[in-house]
Amino acid sequence: MVLLLAGCNTLPDSGPTEYKINHAQSDPKRNSVGYNIVKVSPELIGLLESQEPPLFSSLDADNAPASVPRNDTIGPGDVLQVSIYEVGSALFSPNNGGMSAGGNMSMASNLPPLSVDGSGNVEIPFGGQMHVTGMTTNQLADTITARLKQKSQSPQVLVRILSDITNSVIVYGGVRRPSRIPLTPNREHILDVIALAGGEDRTVQSDEDYIVRLTRKDKIAELPLKTIENDPAQNIVMQPGDRVQVVYEPRTFSVFGATERVTQTQFTTPTLTLAEAISRSGGPLDSRADPNAVYLFRFENADVLKRLGLSVDNGATTGPVIYQLDMMNPSNYFLAERFMMRDQDIIYVANATSNKFYKFFGLISTLIAPGITAAWMAK
């Protein structure tokens with residue numbers, strides 16, 4: 001019996017048993033990353049569901065409709081075209097002109113393109129320096145007209161933006177034409193500006209494999225492109241200064257242990273549950289697995305760990321945790337259907353404690369079976 005047990009312990013194994021994982025948690029030498037084990041429960045599912053990443057609609061909700069920019073104001077970096085029409089003796093174009101409706105000479109002149117400096121100012125000949133940040137083109141035209149009335153006869157001014165830096169967004173990453181996209185008073189949405197940048201650069205790939213990361217002021221949110229396409233509430237209106245990054249990032253999860261195969265698998269769908277992920281790997285093997293001990297390894301958000309009562313290193317945004325699912329409890333199958341997978345999750349199905357014994361027994365049978373067969377044939 002002693003030799004039998006010793007032989008069992010020397011056999012190779014595909015991974016630790018439930019006992020070894022739980023025992024290693026309390027051993028600082030073996031638990032060098034400081035993971036904790038948390039059993040999957042209705043309370044845990046509720047907590048994880050309440051910790052959904054920021055949706056784009058939440059960023060849009062921070063702005064009241066009255067405060068949403070109109071996309072037609074002037075700001076630093078813009079280049080303006082100013083056209084001035086004068087009657088009679090003209091300040092700007094004495095050699096050009098035409099007849100006005102009243103028979104007087106009408107003069108028209110286009111000033112050289114004017115750049116708005118970093119302070120939001122622009123210099124107008126005969127009008128002086130003007131602070132134009134926040135003005136619309138019509139407001140600036142009225143301001144210039146008012147300043148020129150004492151120097152020119154019946155001046156009329158038209159202003160348009162040649163290069164619109166203020167009312168624009170940056171779209172970059174996995175698109176065909178990364179660029180600065182000017183916004184218009186029509187109020188483009190996030191899918192509009194992605195389309196104007198040429199759309200995703202790998203059209204043969206599924207939209208679920210693209211992540212759209214939106215940076216607005218000091219907030220960042222990201223969603224799968226497919227989610228934005230399927231949920232109109234997430235296709236929010238763009239605001240000047242937004243940055244949209246399209247990232248080709250196939251989401252994958254890995255499976256180890258006593259399953260049909262060790263594999264890394266892509267999600268291929270916008271969402272994936274733990275139950276679906278386990279079934280894709282073939283599920284626990286009846287001959288090897290311990291269905292009481294299905295584990296999911298993850299670097300979880302720090303706020304989730306704190307709400308679970310677990311310690312988190314100062315300044316850390318994530319921490320290691322192992323979620324344990326007991327598949328011998330029928331109710332846990334419902335929980336597994338609500339437990340959402342994340343990119344880079346690892347599923348491990350622990351080996352049954354008796355697995356080594358059966359391995360050793362199989363090895364002994366393999367060794368002695370030829371001798372028994374030869375003896376039978378000799379008879």
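## A strand residue at the surface

Ile346 is found in strand β18, which covers residues 346-351, in a model that is predicted. With a relative accessibility of 31%, Ile346 counts as partly exposed, because the buried class ends at 20% and the exposed class begins over 50%. Together with Phe256 and Val262, Ile346 makes a nonpolar surface patch of about 250 Å².

## The chain as a whole

The protein chain has eleven helices and 18 strands, and of its 379 residues, 41% are buried. About 20,600 Å² of the protein chain is exposed, and carbon and sulfur atoms supply 55% of that area. If one takes the contacts between residues at least 6 apart in sequence, 66% of them join residues at least 24 apart.

## How far the model can be read

The mean pLDDT of the protein chain is 83, and 81% of its residues reach 70 or more. Over residues 2-12, however, the pLDDT is below 50, although this stretch has twelve contacts in the model beyond its near neighbours in sequence. Residues 96-101 also stay under 50 in pLDDT, and for them the model has 13 contacts beyond four places in sequence. Where pLDDT is low, the predicted coordinates should not be read in detail.

## A salt bridge between two helices

Side chains of opposite charge can pair when their charged atoms come close. The count of salt bridges in this model comes to seven, and one of them is formed by the side chains of Arg338 and Glu49, with a distance of 3.0 Å from N to O. Arg338 lies in helix α10 (residues 331-338) and Glu49 in helix α3 (residues 42-49), so this pair ties together parts that are 289 residues apart in sequence.

Are the two partners buried, exposed or partly exposed? Arg338, at 37% relative accessibility, counts as partly exposed, and Glu49 is partly exposed as well, with a relative accessible area of 35%.

## A network around Glu300

The side chains of Glu300 and Arg298 meet in a salt bridge, at 3.3 Å from N to O, and both Arg298 and Glu300 are buried. Glu300 also forms a salt bridge with Arg342, where the closest N and O atoms are 2.4 Å apart. Since Glu300 lies in strand β16 (residues 289-301) and Arg342 in the loop between α10 and β18, the pair ties together parts that are 42 residues apart in sequence.

The relative accessibility of Glu300 is 0%, so Glu300 counts as buried, whereas Arg342, at 26% relative accessibility, counts as partly exposed. Which residues are joined into one network by salt bridges that share partners? They are Arg298, Glu300, Arg342 and Asp345.

## Tyr35 and its surroundings

Tyr35 is found in the loop between α2 (18-25) and β1 (36-39), and at 13% relative accessibility Tyr35 counts as buried, because this value is under the 20% cut-off for that class. The C-alpha atom of Tyr35 is separated by 9.5 Å from that of Arg298, a residue that is 263 residues apart from Tyr35 along the chain.

Leaving aside neighbours within four places in sequence, Tyr35 is in contact with Ile21, Ala24, Gln25, Pro320 and Ile322. For two of these residues, a backbone atom is part of the picture: a polar atom of the Tyr35 side chain lies 3.1 Å from the backbone oxygen of Ile21, and the side chain of Tyr35 reaches the backbone nitrogen of Gln25 at 3.3 Å.

## Asn71 in a loop

Where in the chain is Asn71 placed? Asn71 belongs to the loop between α4 (56-61) and β2 (79-87), and with a relative accessible area of 3% Asn71 is buried. Once its neighbours within four places in sequence are left aside, the residues in contact with Asn71 are Asp164, Asn167, Leu183, Thr184, Pro185, Arg187 and Pro240. To Thr184 there is a polar contact, in which the side chain of Asn71 reaches the backbone oxygen of Thr184 at 3.0 Å.

Key
Residues are numbered from 1 along each chain as its sequence is written. This is a predicted model: local features need pLDDT of at least 70, side-chain atom pairs count only at pLDDT 80 or more; totals for chains, interfaces and linings use all residues. Side-chain values use heavy atoms; hydrogens and water are left out. Helices (H or I, at least four residues) and strands (E, at least two) are DSSP runs, numbered from the N terminus. Buried means under 20% relative accessible area, exposed over 50%, partly exposed in between (1.4 Å probe, protein chains only). A polar contact is a pair of N or O atoms within 3.5 Å; within protein, one must be able to donate a hydrogen and the other to accept it, and residues adjacent in sequence count only if both atoms are side-chain atoms. Contact means heavy atoms within 4.5 Å. Patches are made of residues with over 30% relative accessible area and no salt bridge: like charges are joined within 9 Å, nonpolar side chains (Val, Leu, Ile, Met, Phe, Trp, Tyr) within 5 Å. Accessible areas come from the Shrake-Rupley method with a 1.4 Å probe; for residues, only the protein chains shown count as cover. A salt bridge is a side-chain nitrogen of Lys or Arg within 4 Å of a carboxyl oxygen of Asp or Glu. pLDDT is the predictor's confidence in each residue, from 0 to 100.
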